[in-house]
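User: Could you walk me through this structure step by step? I am new to this, so please explain the terms as they come up.

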Amino acid sequence: MDVKNNDLNVQCYCCGYFTLSERGQYEICDVCFWEDDGCFDLEKISHPNHMTLEKGRKNFLEFGACEERFIKNVIKNPEGKYRKAILKV
Ligand SMILES: [Zn+2]
C-alpha cells in the first residue's frame, strides 16, 4: 500500500511528487517549491518560476529544490508525506 495522509492527486511537473490539488492554480509545491503554472514545456521559461522546467528539475535533482534559495523552504523526507511517480515528458 502506498497511501499517504493526504488526498492530493496532481503531480508536480518539477519533482514528480503528488503535491497539488489542482493543475495550473499557481500552487507552490512543498517538495521542490516549484509554482505550478500548468505548463509542461521543458524549454519554455516559466514566468512565476523565472526559469525553465528543465532547469528546475535539474536543480531539484542537484540540491533538492527548484532554486537554491528555496532549499530552506522545502520539506525534508517528502516520501513520508507524498506519493511519487515517474514524470512523463
Ligand atoms: Zn515539486
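**Around the helix**

Analyst: Gly 64, placed just after α1, takes a positive phi of about 85 degrees. Please keep in mind that this is a predicted model, in which local features need pLDDT of at least 70 and side-chain atom pairs count only at pLDDT 80 or more, while totals for chains, interfaces and linings use all residues. Residues are numbered from 1 along each chain as its sequence is written.

User: ok, how many helices and strands are there in the chain?

Analyst: The chain has one helix and four strands, where helices (H or I, at least four residues) and strands (E, at least two) are DSSP runs numbered from the N terminus. Read along the sequence, they follow the pattern β-β-β-β-α. The radius of gyration, taken over C-alpha atoms, is 12 Å, close to the 12 Å that the globule rule (2.2 Å times the number of residues to the power 0.38) gives for 89 residues, so the chain is as compact as a globular protein of that length.

User: Which residues of α1 are buried?

Analyst: In α1, the buried residues are Leu 53, Gly 56, Arg 57, Asn 59 and Phe 60. A residue is buried if 20 or more other C-beta atoms lie within 10 Å of its own, exposed if 12 or fewer, and partly exposed in between, with C-beta atoms placed from the backbone.

User: And why do they line one face of the helix?

Analyst: Seen down the axis of α1, its buried residues fall within an arc of 160 degrees (the arc of the directions from the helix axis to the C-beta atoms), so they line one face of the helix. As a general point, an α-helix has 3.6 residues a turn, so residues three or four places apart point the same way. The face of α1 turned away from its buried side carries the exposed residues Leu 61 and Glu 62, and what covers the buried residues includes β3 (45-46) and β4 (51-52).

User: Switching topic, which residues have the most contacts inside the largest nonpolar core?

Analyst: They are Cys 12, Cys 14, Cys 15, Cys 29, Val 31, Cys 32 and Trp 34, in a core that has 18 residues. A nonpolar core is a set of buried Ala, Val, Leu, Ile, Met, Phe, Trp, Tyr and Cys residues joined through C-beta atoms within 7 Å. β2 (18-20) and α1 each supply at least two residues of this core.

User: What is Cys 14 in contact with?

Analyst: Leaving aside neighbours within four places in sequence, Cys 14 is in contact (C-beta atoms, placed from the backbone, within 7 Å) with residues including Cys 29, Trp 34, Leu 53, Phe 60 and Cys 66.

User: Is Phe 33 buried or exposed?

Analyst: Phe 33 counts as buried because it has 25 C-beta neighbours inside 10 Å. Phe 33 is found in the loop between β2 and β3, and it has a positive phi of about 70 degrees although it is not a glycine.

User: What about His 50, where does it lie?

Analyst: His 50 lies in the loop between β3 and β4, and it too is not a glycine, yet has a positive phi of about 55 degrees. His 50 counts as exposed, because it has 12 C-beta neighbours inside 10 Å.

User: Last one, what does Asp 30 touch?

Analyst: Not counting residues up to four places away in sequence, Asp 30 touches Thr 19, Val 74 and Ile 75. The C-alpha atoms of Asp 30 and Val 74 are separated by 5.5 Å, although these residues are 44 apart along the chain.

Definitions and conventions. Contact = placed C-beta atoms within 7 Å.
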